[in-house]
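Welcome! Have a look at the sequence and the 3D structure below, and keep them open as you read this briefing.

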Amino acid sequence: MTHVNLITGFLGSGKTTALLHLLANKPAGENWAVLVNEFGEIGIDGALLADRGATLKEIPGGCMCCVNGLPLQVGLNMLLKQTKPDRLLIEPTGLGHPRQLLDMLRAAVYQPWLQVDATLTLLDPRHLADERIMQNENFRDQLSAADIVVATKSDRWHAEDRQRLAAWKQQNLGDRQWVEAAWGQIDPALLRQQGLADRAVPQAQHHHPESRPQGLAALKLDGQARWRRALNDGQGYASCGWIFDADTVFDTLPALEWARLAPVDRVKGVLRTPDGLVTINRQGEDLFIETRPTTPPDSRIELIHHHPVDWNILQSGLLKIRLK
């Protein structure tokens with residue numbers, strides 16, 4: 001029997017950081033797997049979560065709960081057959097609706113194989129100040145599906161964030177458990193709590209697959225191409241991602257400055273530099289960087305914004321900071 005948890009939350013709520021912490025604190029002797037979905041086509045989270053002690057399967061290029069759940073079913077079945085994990089963590093895209101996923105995981109066909117434990121929904125309280133996010137159907141319904149609400153990035157809150165959070169809790173928390181966390185430091189014991197199968201989660205009213213996944217693997221380079229880019233859009237958001245070959249090396253400081261100044265909501269990347277592997281994770285003005293001595297097989301970077309952007313201008317700047 002595989003225990004399953006959904007780790008949901010809107011774009012930039014801290015899901016990947018939380019997953020990294022959970023994997024770092026996995027109980028010894030347990031076999032874990034991660035099924036991760038991203039809005040963009042490039043597949044950044046797979047690179048960020050690689051070599052963390054769990055089997056990883058990526059479904060980039062949209063929402064895996066769309067297209068009748070086929071991408072999720074294929075990826076899920078492959079993981080269960082190949083690795084037989086004790087626990088499976090599923091990270092849907094920040095624009096994903098949870099109802100279809102939960103219905104599928106609780107379907108009769110999976111009951112002999114899966115135990116659906118608590119759904120954790122991550123909430124950055126600063127999102128409560130953004131009316132555009134507050135009106136987003138998926139943002140609201142992700143919180144409705146939560147068994148445990150994790151208020152993330154507590155080290156970044158201001159007094160007004162705490163005030164809005166207190167008001168939201170009073171009106172919306174209900175019987176859900178409440179946890180506050182900084183730097184993704186979530187207690188792994190939360191995963192073992194039971195999920196409520198009868199929790200009312202609205203059906204998605206405006207959630208349509210405006211783009212379809214191109215496959216079950218992240219984008220790769222073809223032939224002799226040194227780099228390529230991929231675009232995606234849907235649900236009021238647009239993304240552009242680039243993948244570069246293993247010979248491409250970026251100038252570290254200019255790359256970080258490019259990521260910091262890019263006029264978009266979200267930046268995630270894994271880059272080859274003279275300093276080794278550099279990971280970039282930016283949400284708004286929050287910029288988190290990690291440098292490791294390992295060498296990634298390629299470089300990938302993805303931008304997401306709430307309306308279309310002149311990607312060519314950003315691409316020109318990115319290409320100029322390559323050392324080779």
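What follows is a short tour of strands, loops and empty spaces. Please keep in mind that this is a predicted model. One part of the tour is an open sheet of 6 strands, and another is a right-handed β-α-β unit. A search of the whole structure also finds 2 cavities of 30 Å³ or more.

**Strand β7 and its neighbours**

- A good place to start is strand β7, which covers residues 148-151 and pairs with strand β8, residues 177-180, in the parallel sense over 4 bridges.
- Two matched positions help you line these strands up: Val149 stands opposite Trp178 in β8, and the bridge partner of Ala151 in β8 is Glu180.
- Strand β6, residues 120-123, is also joined to β7, again by 4 bridges, and the two run parallel.
- Here you can look for Leu122, whose bridge partner in β7 is Val150.
- Helix α7 (residues 159-172) completes a right-handed β-α-β unit with β7 and β8.
- Are the two faces of β7 covered or uncovered? Both are covered: Ile148 and Val150 are buried on one side, and Val149 and Ala151 are buried on the other.
- As background, side chains in a regular strand alternate between the two faces of the sheet.

**The open sheet of 6 strands**

- Follow the strands across this sheet and you will meet them in the order β9-β10-β14-β11-β12-β13, with antiparallel pairing.
- Which strands stand at the edges? They are β9 (227-234) and β13, and each has a single partner strand, so one side of each is left without a neighbour in the sheet.
- Neighbouring strands of this sheet are turned by 10 degrees against each other on average, if direction is ignored.
- At the β9 edge, 8 bridges join β9 to strand β10 (residues 237-244), and these two run antiparallel.
- To find one matched position there, look for Arg228, which stands opposite Ile243 in β10.
- In general, strands of a sheet pair through backbone hydrogen bonds, either parallel or antiparallel.

**Residues in loops**

- Most residues other than glycine have a negative phi, and the next two residues are worth a look with that in mind.
- Lys153 is not a glycine, yet its phi is positive, near 60 degrees.
- You will find Lys153 in the loop between β7 and α7, and its relative accessible area of 12% makes Lys153 buried, because buried means under 20%.
- Trp183 is not a glycine either, and its phi is positive at about 55 degrees.
- The place to look for Trp183 is the loop between β8 and β9.
- Val249 sits in the loop between β10 and α8 (252-261), and at 13% relative accessibility Val249 counts as buried.
- From C-alpha to C-alpha, Val249 and Asp298 are 9.3 Å apart in space, with their positions 49 residues apart in sequence counted as their separation.
- Asn25 lies in the loop between α1 and β2 (32-37), and its relative accessibility of 37% makes Asn25 partly exposed.
- How far apart in space are Asn25 and Pro188? They are 7.0 Å apart, C-alpha to C-alpha, although 163 residues apart in sequence.

**Empty spaces in the model**

- The largest pocket holds about 680 Å³ of space.
- Its lining has 37 residues, and Thr16, Thr17, Arg266, Lys268 and Asn281 lie nearest the centre of the pocket.
- Elements that give two or more residues to this lining are α1 (15-24), α2 (45-49), β11 (266-273), β12 (276-283), β13 (286-292) and β14 (299-305).
- By class, the lining of the largest pocket divides into 12 nonpolar, 13 polar and 12 charged residues.
- The second largest cavity has about 30 Å³ of space.
- Which residues line the second largest cavity? They are Pro27, Glu30, Trp32, Arg87, Pro188, Leu191 and Arg192.
- Sorted by class, the lining of the second largest cavity has 4 nonpolar residues, 3 charged residues and no polar ones.

Terms used
Residues are numbered from 1 along each chain as its sequence is written. This is a predicted model: local features need pLDDT of at least 70, side-chain atom pairs count only at pLDDT 80 or more; totals for chains, interfaces and linings use all residues. Side-chain values use heavy atoms; hydrogens and water are left out. On a 1 Å grid over the protein atoms alone, a cavity is a set of points where a 1.4 Å probe fits but cannot get out, and a pocket is an open set with protein on both sides within 12 Å along at least five of seven lines; lining residues have an atom within 4 Å of a point. Grid points are joined across faces, edges and corners, and a volume is the space filled by probe spheres set on the points. Ala, Val, Leu, Ile, Met, Phe, Trp, Tyr, Cys and Pro count as nonpolar, Asp, Glu, Lys and Arg as charged, and the others, Gly among them, as polar. Buried means under 20% relative accessible area, exposed over 50%, partly exposed in between (1.4 Å probe, protein chains only). Two strands pair if DSSP finds at least two bridges between them. A crossover is right-handed if, with the strands pointing away from the viewer, the path from the first strand over the helix to the second runs clockwise. Axes are lines fitted to C-alpha atoms, for helices over the stretch in contact, and angles run from 0 to 180 degrees between N-to-C directions.
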